[in-house]
Amino acid sequence: GRWWGASASSHIADDHLANFIRPNNVHVFVVTDPPSWCAASAETRAAYRAGDIAAAQVEFVRQVTDAFRGWPRLHAALVPA
């Protein structure tokens, strides 16, 4: 699905953390492809286009971790388009 970034998704993540994720101690999976990652910086997009998928993945995971406040059962992946 579309990833809007940590700041745009924080209110949704906070609500999910409070009302579903923490009470049920669930695993969270966030997966998107580069065209659906709206919060990727120009540098990250350039790195991905140049084939540096690892650098793009690191930034994506950082954004997801920030949005979900470091939830320990978080899994994030940037998948090829």
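The following exercises, each with a worked solution, concern a predicted model.

**Exercise 1. Salt bridges within one helix**

Determine which residues are joined into one network by salt bridges that share partners, and state where the residues of each pair lie.

Solution. Begin with the total, which for this structure is three salt bridges. One of them is formed by the side chains of Glu 59 and Arg 62, with an N to O distance of 2.5 Å, and both of these residues belong to helix α3, where they are three residues apart, or about one turn of the helix. Next, take the salt bridge in which the side chain of Asp 66 meets that of Arg 62 at 2.7 Å, N to O. Asp 66 and Arg 62 are four residues apart in helix α3, so about one helical turn separates them. The two pairs can now be put together: Glu 59, Arg 62 and Asp 66 form one network through salt bridges that share partners. As to exposure, Arg 62 counts as partly exposed because its relative accessibility is 40%, and Asp 66, with a relative accessible area of 37%, is likewise partly exposed.

**Exercise 2. A salt bridge between distant parts of the sequence**

Work out which parts of the chain are tied together by the pair Asp 14 and Arg 69.

Solution. First establish the contact itself, a salt bridge between Asp 14 and Arg 69 whose closest N and O atoms are 3.0 Å apart. Then place the partners: Asp 14 lies in helix α1, whereas Arg 69 lies in the loop between α3 (53–67) and β2 (74–78), so the pair ties together parts that are 55 residues apart in sequence. Finally, consider accessibility, where Asp 14 is partly exposed at a relative accessible area of 32%, and Arg 69 is partly exposed at 47% relative accessibility.

**Exercise 3. Two residues, two surroundings**

Classify Phe 29 as buried or exposed, do the same for Ser 36, and describe the surroundings of each.

Solution. Phe 29 is placed in strand β1 (residues 28–32). Because its relative accessibility of 61% is over the 50% cut-off, Phe 29 counts as exposed. Together with Val 31 and Val 79, Phe 29 makes a nonpolar surface patch of about 280 Å².

Turning to Ser 36, this residue sits in the loop between β1 and α2 (42–49). Its relative accessible area is 15%, which is under 20%, and therefore Ser 36 is buried. The side chain of Ser 36 is joined to that of Asp 33 by a polar contact of 2.7 Å. A further relation is found along the chain, since the C-alpha atoms of Ser 36 and Trp 4 are separated by 8.3 Å although the two residues are 32 residues apart.

**Exercise 4. The lining of the largest pocket**

Identify which element gives the most to the lining of the largest pocket.

Solution. Start with the extent of the largest pocket, which has a volume of about 210 Å³. Its lining consists of 12 residues, and those lying nearest its centre are Trp 3, Ile 12, Ala 13, His 16 and Phe 68. The elements that give two or more residues to this lining are α1 (6–24) and β1. Of the elements, α1 gives the most, with six residues.

Notes: Residues are numbered from 1 along each chain as its sequence is written. This is a predicted model: local features need pLDDT of at least 70, side-chain atom pairs count only at pLDDT 80 or more; totals for chains, interfaces and linings use all residues. Side-chain values use heavy atoms; hydrogens and water are left out. Patches are made of residues with over 30% relative accessible area and no salt bridge: like charges are joined within 9 Å, nonpolar side chains (Val, Leu, Ile, Met, Phe, Trp, Tyr) within 5 Å. Accessible areas come from the Shrake-Rupley method with a 1.4 Å probe; for residues, only the protein chains shown count as cover. A salt bridge is a side-chain nitrogen of Lys or Arg within 4 Å of a carboxyl oxygen of Asp or Glu. Buried means under 20% relative accessible area, exposed over 50%, partly exposed in between (1.4 Å probe, protein chains only). A polar contact is a pair of N or O atoms within 3.5 Å; within protein, one must be able to donate a hydrogen and the other to accept it, and residues adjacent in sequence count only if both atoms are side-chain atoms. On a 1 Å grid over the protein atoms alone, a cavity is a set of points where a 1.4 Å probe fits but cannot get out, and a pocket is an open set with protein on both sides within 12 Å along at least five of seven lines; lining residues have an atom within 4 Å of a point. Grid points are joined across faces, edges and corners, and a volume is the space filled by probe spheres set on the points.
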